[in-house]
Amino acid sequence: YVLDRKTGQELAHYSRDDKEFSSVSNFIFDIFKDSQGDLWIGGINGKFTCYLSKEDKFKTYTELPISSFAELSPNQILLGCSNTLMLLNKQTGDIKNFLSDYVVQDILVLGDVVWVATSGEGLVEYRYKEGTIKKYTTQEGLPSNFINSIIYADNCLWIGTESGLCRFNPIDKTAFIFTSIY
């Protein structure tokens, strides 16, 4: 559904019943708006799609099990998948492997660092220009190695895990676990 922000009125409704969307996933994991205003929609059991806002049309891509999207640069979109992190060239449609062997839950790009929230491998710091990878797990103070979400605020990474909320300082690599939010 597309709703008018002010009135709540339905402007459009897109369904798998429409021929154009019959192969698009109906089990959506992430919706992401890139810097050009385009909306990326992905999930499992189907193709992922991009709503090209300036053209008012959808572009459908190959079937990939997508859990999250992030923007590496204006024409490079990261695709968090079940067993890898992939990079999509928005202009050509080419998709290549970016970081293998991780079950990706969420992605955050901060400058030249891609932070990857994984299922079982903790938090991964990938300095892609240098090609270096550092993992942070329960051994480094995280509450769990199963990280579901990540966001950057107040100079820290806030991560949601299967064992609660954690604030991670990306400079000194310290973790503060919130045992209670009240």
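**Note on strands, cysteines and salt bridges**

1. At 11% relative accessibility, Cys156 counts as buried, a word reserved here for residues under 20% relative accessible area, with exposed meaning over 50% and partly exposed lying in between (1.4 Å probe, protein chains only). The model is a predicted one, in which local features need pLDDT of at least 70 and side-chain atom pairs count only at pLDDT 80 or more, while totals for chains, interfaces and linings use all residues. Residues are numbered from 1 along each chain as its sequence is written, and side-chain values use heavy atoms, with hydrogens and water left out.

2. Which cysteine has the sulfur closest to that of Cys156? The closest cysteine sulfur belongs to Cys166 and is 9.5 Å from the sulfur of Cys156, which is too far for a bond. The structure as a whole holds zero disulfides, a disulfide being a pair of cysteine sulfur atoms within 2.5 Å. Cys50, another cysteine, is buried, with a relative accessible area of 0%.

3. Cys156 also has a place in the strand pairing, since Ala153 stands opposite Cys156 in E16. Strand E16 covers residues 156–161, and because five of its six residues are buried, the strand is largely enclosed by the rest of the structure. Strands (E, at least two residues) and helices (H or I, at least four) are DSSP runs, numbered from the N terminus.

4. On one side, strand E15 (residues 147–153) runs antiparallel to E16, and six bridges join the two; two strands are said to pair if DSSP finds at least two bridges between them. E15 and E16 form a hairpin with two residues between them, and in this turn Asp154 has a positive phi of about 55°. E16 also pairs with strand E17 (residues 164–168), again in the antiparallel sense, over five bridges. These two strands likewise form a hairpin with two residues between them, and Trp158 stands opposite Arg167 in E17.

5. In what order do the strands of the open four-stranded sheet follow one another? The order is E11-E12-E13-E14, and the pairing is antiparallel. Strand E11 (104–110) and strand E14 (132–136) are the edge strands, each of them pairing on one side only. From one strand to the next the twist averages 20°, where axes are lines fitted to C-alpha atoms (for helices over the stretch in contact) and angles run from 0 to 180 degrees between N-to-C directions. Within this sheet, six bridges link E11 to strand E12 (residues 113–118) in the antiparallel sense, and Ile107 has Val116 in E12 as its bridge partner.

6. The salt bridges deserve a careful look. A salt bridge is taken to be a side-chain nitrogen of Lys or Arg within 4 Å of a carboxyl oxygen of Asp or Glu, and by this rule the count comes to seven. Asp34, Asp38 and Lys90 are linked in a network of such bridges. In the pair formed by Lys90 and Asp34, the closest N and O atoms are 2.6 Å apart. Lys90 lies in the loop between strand E9 (84–89) and strand E10 (95–100), whereas Asp34 lies in the loop between E3 and strand E4 (39–44), so the pair ties together parts that are 56 residues apart in sequence.

7. Lys90 also meets Asp38 in a salt bridge, at 2.7 Å from N to O. Asp38 lies in the loop between E3 and E4 and Lys90 in the loop between E9 and E10, so this pair ties together parts that are 52 residues apart in sequence. Are the members of this network buried or exposed? Lys90 counts as buried at 9% relative accessibility, Asp34 is buried with a relative accessible area of 5%, and Asp38 counts as buried at 6%.

8. A further salt bridge joins the side chains of Glu125 and Lys173, at 3.4 Å from N to O. The pair links distant parts of the chain, 48 residues apart, with Glu125 in strand E13 (residues 123–127) and Lys173 in the loop between E17 and strand E18 (175–178). Glu125 is buried, with a relative accessible area of 5%, whereas Lys173 is partly exposed, with a relative accessible area of 25%.

9. One last residue to examine is Ile31, which lies in strand E3 (residues 27–33). Ile31 is exposed, with a relative accessible area of 56%.
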